[in-house]
Amino acid sequence: MSAKAISEQTGKEFLYKYICTSAAVQNRFRYANVTAETDFERLAREHPWLLTERLVVKPDQLIKRRGKLGLVGVNLDLNGVREWLKPRLMKETTVGKAKGVLKNFLIEPFVAHKQEEEFYVCIYATREGDYVLFHHEGGVDVGDVDAKAKKLLIRVDEKISEESVKKELLTHVPNDKKPVLASFIVGLFNLYEDLFFTYLEINPLVVTKDGVYVLDMAAKIDATADYICKAKWGDVEFPPPFGREAYPEEAYIADLDAKSGASLKLTLLNPRGRIWTMVAGGGASVVYSDTICDLGGVDELANYGEYSGAPSEQQTYDYAKTILSLMTREKHRDGKVLIIGGSIANFTNVAATFKGIVRAIRDYQVPLKEHEVTIFVRRGGPNYQEGLRVMGEVGKTTGIPIHVFGTETHMTAIVGMALGHRPIPNLPPVAAHTANFLLNSSGSTSTPASSRTASFSENKAKVESSPAKKAKTGAPIVSSSICNSFPVAKATSLFSKHTKAIVWGMQTRAVQGMMDFDYVCSRDEPSVAAMVYPFTGDHKQKFYWGHKEILVPVYKNMSDAMKKHPDVDVLISFASLRSAFDSTMETMQYPQIRTIAIIAEGIPEAHTRKIIKAADAKGVTIIGPATVGGIKPGCFKIGNTGGMLDNILASKLYRPGSVAYVSRSGGMSNELNNIISRTTDGVFEGVAIGGDRYPGSVFTDHVLRYQDTPGVKMIVVLGEIGGTEEYKICEAIKKGRITKPVVCWCIGTCATMFSSEVQFGHAGACANQASETAVAKNSALKEAGAFVPKSFDELGDIISSVYDDLVAKGVIQPAEEMPPPTVPMDYSWARELGLIRKPASFMTSICDERGQELIYAGMPITEVFKSEIGLGGTLGLLWFQRRLPRYACQFIEMCLMVTADHGPAVSGAHNTIVCARAGKDLISSLTSGLLTIGDRFGGALDAAAKQFSKAFDSGMLPMEFVNKMKKDGKLIMGIGHRVKSINNPDMRVQILKDFVKQHFPSTQLLDYALDVEKITTSKKPNLILNVDGFIGVAFVDLLRTCGGFTRDEADEFVEIGALNGIFVLGRSMGFIGHYLDQKRLKQGLYRHPWDDISYVLPEHMSM
C-alpha cells in the first residue's frame, strides 16, 4: 500500500517542523498525548502549559467528524479534561459501522475565535496533479466541500504561487487575511510535496490577528517514499483504521514484508472467525474475499492477506505458521476452514512456497486436528503439480482433511466447497511434473514453422495497423519543456512478431522465458536485442534459442544500447523501486522507444505521475508500475508474463485467439489466460496495467486499442475497487466509441461489507468515495451495456456465452489447431522437477547455506548462538560433525589459546614477519608462516598422537617404547623442549594438565605419556612432554572417551590430521598478530645482517 493514514499528532509534527511560510503559525508543538497508562502529574511537568491554559481534548484514532459525534471536549482546564475522559477513555464506541475502543487522545490549547475566522483547506492527489480545495467557511458544519469549495489544480511539475491562490481560492476572504492565508497555503502545498503527502486536510484552519492556528488535521503520506523521506519522517507509526485493533502478528508480518523482496500482507478482521485464508497474489486475495462474502461468510471471515513475489520457503513458513497459530487459539463449534488459494503464478515456484506451508502444517498438526480444521487448496504456476503433491501427502500423513485442486478447477470453486455450497469432487491425480515441453523428437535445428493455420482475424482482416512512425535514432530528444508540449499520438498496436526489446536489469530467467516464448511462437529471431545493466562493464550474456546457445549483448550505458540497436522500440524495466524513476525518464529521451513496461512495485506516486506526464507528451505507452507486464500470443511477451512454458502451452498463448483483456493484477491476468483459453479460442492480447493508484496506462487506453484492432472480437476487463477509470468505459460504450462486446467485472465487492476500512493487496485498491466501490462500478457497467456476471465465479460462463454467440453469428471463425513446436527444458529446471540426476562435483556433510538459515552439521546458526557452545563447540560441529560435551569445547578453546603464539623467533612467525616487511599482504604473509609447519615445527600433534597411541594400544610398556624408538633411531614426537625442562616446567602444559585431570572421564593415554616423560627426563631434564605432545595425547583421550565417537572414528580423525588443525588454527592468530604488529610499527624491508651469516665457500672458489 502506498497512501497510508497518519495520526493527527504525527501530521502536525511534520507541519510544525517543516512548513516554510511568512504566516505566524501558532501553538507549534503544543500538544500532549493521553493513553490509559498516562500519569497526569508527570504529563503536567512535561507540558507546563496544561496547567495555565484552557484546553481541547479529542481522540486521535483516524475518526472522521469527531465534532459531530460529540468526541471533542472544548474549553476545559486539566481537571476538566480528566473528567471528560473518564466516560470515554478505554470505552467502546460506535462510529458508523465500526466499533472500537477509544484509547489514544490528544490535548491541545483551546483557541478562542469567531466563526468568521474559521476556514477549510484540503490538498489531495489525482492522476493529473494535486487539487487545493479552499472554503471561506470552515468548522464542523462545513458540509459538502466538494460542491462548495474553490478548487485550484496544480498540475504535475507545476509550481503554486501566492497570486494564483489569491485569484482562484481566496475570492470570498477579507482582504486583510488574504496575504496570510496565501502564504500559509503555498507553504502548506510545498510541505505536502516535499514530504510526499497524498492527502492533507485542515478543518478548521483559524486565522486571527495573532496568526494561523491548525485546529483539526487529517493526513495520508505515500509510505513508498520512505527511502526518500526517512531523514524527515523518522520512524512513522501507521495506526489501524478505527474499529480494528493493531495486532502484534500484523506487525510481525509487516516486518517480514519490509525485509523481503516478496510481498507479505496480513490484516485480522475477526480472530474468532472460522474462515481463514492464505492466498497468493494481491488480486487473487481480493477475489477470494469477495467470493467468501458473496456466499454469506462475511461475519466468519477471520483475515485478509496475501503472499506474492516469489517468497522463499522460509518466508512462507513464517507467514503460514503465524496464520495457523492465530486460527488454533480458540475453538469454533462448527470447526474451521483454511483456504490456501491463488491464481496461476507467473514466476513463483509453487512447490517451494508450498514446502514452507507444509512445514507449518506439520508443526501445527495436533492443534489443527483439535480445532477440526479442514484445508482447501487450489493453485497453478511453475512446478505447481509437485506443490499439490506434497500438500496432498501431508494430509495423508497427518490425518488433516486437505482437498487439493489445480488449474483444472475454477479459481474460487474451493470457496463454495469450503462453505458447503458445492460438493467436493473426487479428482484423478494430477501430473507429477510440468515437463510437457520436452525436446522435439525430429531433431531439427531450424526455427519451426508456424504452429497454426491462418487465424480467424487473419482470415477477415488486413494487417494490423502499424506502430506510430519511429523518430530518428541515435541521440536523445533535448527539450527543456516536454511537459508543456502537446501529447503525441500513441500506437494502436504495441507489439508484433518483429518487436524488439531492451531489458533493463540482469533478469536472466525472465529473458530466457521471453526467448522460449519467441521460439514456441515460431518467431524468426529473439525479441530481446540487448540488456542494460549499469553495475557491470559491457559484456555478452549466454541464452538458449531452442537448443542452440546464443549471446545477447549487455551494456553499461543506455545510450550505447540505443545507438547499436535502432530497431528496438520496447523497454522492459526490472529496475528497483529506487532507480526505476531515473532509468525510465532517461529511456524516454530516446525517441525510438514507444512502449515501456515498469515491473517494480513501490515507486512513489509523485514519481509515477511525472513519468506519466512525460510519456503522454512523447506518445510513449507505459505499462506498470507494479505489474508483470503483458502478452500478445504468437508475437511478444513482457518478462515473466504468462508463466513458464507449461502454462504458455496449456493456455494456448503461442498463437492468437479472438479475446483481448486488460486487468490490474499480474497474477489474475494469468488466471484470465486460463479462463479465456478454456472458454474461447484464446487470447489475442492481454495487459496487466499494474496495481498502483496511478498506472502508466489506464483501462480505456487499452480497451480503445482493442476496439480499433480488427483481430480483437471481444474484450474482457477485470476492474478493481478504487479509482473511477471503469466509468470511462461506461461512457465510451454509451457514446458508441466501443462497439465490441465487453465483459467486465470489478473485484473488491466485499469492501462494502466490512465494518472498517481494509487496504487490499494493490496500492490502488481502496475506495475513497461511494462511486469508487466495486459494487457501484459493476452496476454502472451493467447499465451501460457491458456483460457483467453476478460474481467472479460466473466470469468464465459469461465469457463463454458471449464467445459462443459471436461464433454463432460468424463474427469469429475458430481456426484449426496445430501442435506447437517443442522447446528443450533448462537443465536447472529439469533437476528442480526431479526429472534428471547427475553426480555432484562436490559432496559436503558439515554445512548448508542454501536455506533461510545457515546450518552447521545439522544445527541452525541461531541454535549455535542460543546454546552458547562457543568457538570450541562450533569447531566440534564443523570438524567432527558432533555436538561435543561442554568440557570438550572448553578444552579445544584452551588448546587454541595456548598455541596462539610462541614469540617472533620461531620459524613460522619469523617468515610471517619477513614477508610483512617485504610489503606483502595479510594472506601472503600468513601463508608464508603456515608453510613452515611440519614435523619439526608445530606439526608434532598428529605424530605424537599416532606414536603414543600405537605403543599404548600394542601393550608396550613405557620403557619398552623408549628403548624401541632409540633402537630404531627415531625421535619421540612431542617429547623435548629447547628451553623448558623438568625444573622449569612449561606453564601451558601445566594449565592443560590440571583441566584434563579434573574434567576428562579417562586419561589413559596421557598417563602413559607422562610415564614416558619420567623415563626421558631422567636421562635429560629438557626431554619433557611438550605442549604439542600433551595436546596430541589428551585429544586422543577426548575422542575415545567423550562418548561421541566409536573407536574407529576416533582413530580416523587422528589419521587424517585433525589434531594438527588445532595448531594451525591457533597459531594463525599469532601470525596475524605479528603481521599487524609489523605494519603498525611501519617496519621496512628486512635484510639479514652479514655478521650473522657464516660464509663457507669451496676452496677452489675462494682461490
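Where is Pro 625 found? In this predicted model, Pro 625 sits in the loop between β26 (621-623) and β27 (630-632), where helices (H or I, at least four residues) and strands (E, at least two) are DSSP runs numbered from the N terminus. The peptide bond leading into it, from Gly 624, is cis, with omega near 0 degrees. A second cis bond runs from Asn 203 to Pro 204, again with omega near 0 degrees, and here the proline belongs to strand β11 (residues 197-208).

A word on the ground rules. The model is predicted, so local features need pLDDT of at least 70 and side-chain atom pairs count only at pLDDT 80 or more, while totals for chains, interfaces and linings use all residues. Residues are numbered from 1 along each chain as its sequence is written, and side-chain values use heavy atoms, with hydrogens and water left out.

Now for the overall picture. The protein has 39 helices and 35 strands, and its C-alpha trace spans about 115 × 90 × 80 Å along the principal axes. Of the 1103 residues, 54% are buried (buried means under 20% relative accessible area, exposed over 50%, partly exposed in between, with a 1.4 Å probe and protein chains only). The accessible surface comes to about 48700 Å², and carbon and sulfur atoms hold 52% of it; these areas come from the Shrake-Rupley method with a 1.4 Å probe, and for residues only the protein chains shown count as cover. Among contacts with a separation of 6 or more, 74% involve residues 24 or more positions apart, a contact being heavy atoms within 4.5 Å. The domain assignment splits the protein into domain 1 (3-233), domain 2 (248-425), domain 3 (501-809) and domain 4 (884-1081), with bounds taken from an automatic or database domain assignment. Between the C-alpha centres of domain 1 and domain 4 there are 76 Å.

Charged pairs come next. A salt bridge here is a side-chain nitrogen of Lys or Arg within 4 Å of a carboxyl oxygen of Asp or Glu, and by this rule there are 46 of them. Lys 12 pairs with Glu 8, with the closest N and O atoms 2.9 Å apart; both residues lie in helix α1, four residues apart, or about one turn. Glu 8 counts as buried because its relative accessibility is 3%, and Lys 12 does so because its value is 1%. Lys 12 also meets Glu 108 in a salt bridge (2.5 Å, N to O). Since Lys 12 is in helix α1 and Glu 108 in strand β7 (residues 105-109), this pair ties together parts that are 96 residues apart in sequence. Both partners are buried.

Another bridge joins Asp 1051 and Arg 1040 (3.5 Å, N to O). It links helix α37 (residues 1047-1055), home of Asp 1051, to helix α36 (residues 1027-1041), home of Arg 1040, across 11 residues. Asp 1051 is partly exposed because its relative accessible area is 31%, and Arg 1040 is also partly exposed, at 22%. Back with Lys 12, salt bridges that share partners join Glu 8, Lys 12, Lys 58, Arg 66, Glu 108 and Asp 216 into one network.

One member of that network, Lys 58, is worth a look. Lys 58 lies in strand β3 (residues 55-59) and is buried because its relative accessibility is 1%. Its side chain makes a polar contact with the side chain of Asp 216 (2.4 Å); a polar contact is a pair of N or O atoms within 3.5 Å, where within protein one must be able to donate a hydrogen and the other to accept it, and residues adjacent in sequence count only if both atoms are side-chain atoms. Beyond four places in sequence, Lys 58 touches residues including Leu 71, Val 72, Asn 104 and Phe 105.

Backbone oddities round things off. Most residues other than glycine have a negative phi, and most peptide bonds are trans. Phe 29, however, has phi near 60 degrees and sits in the loop between α1 (8-18) and β2 (32-34); at 38% relative accessibility, it is partly exposed. Ser 522 has a positive phi of about 65 degrees, in the loop between α16 (508-520) and β21 (528-532), but this serine is buried, at 8%.
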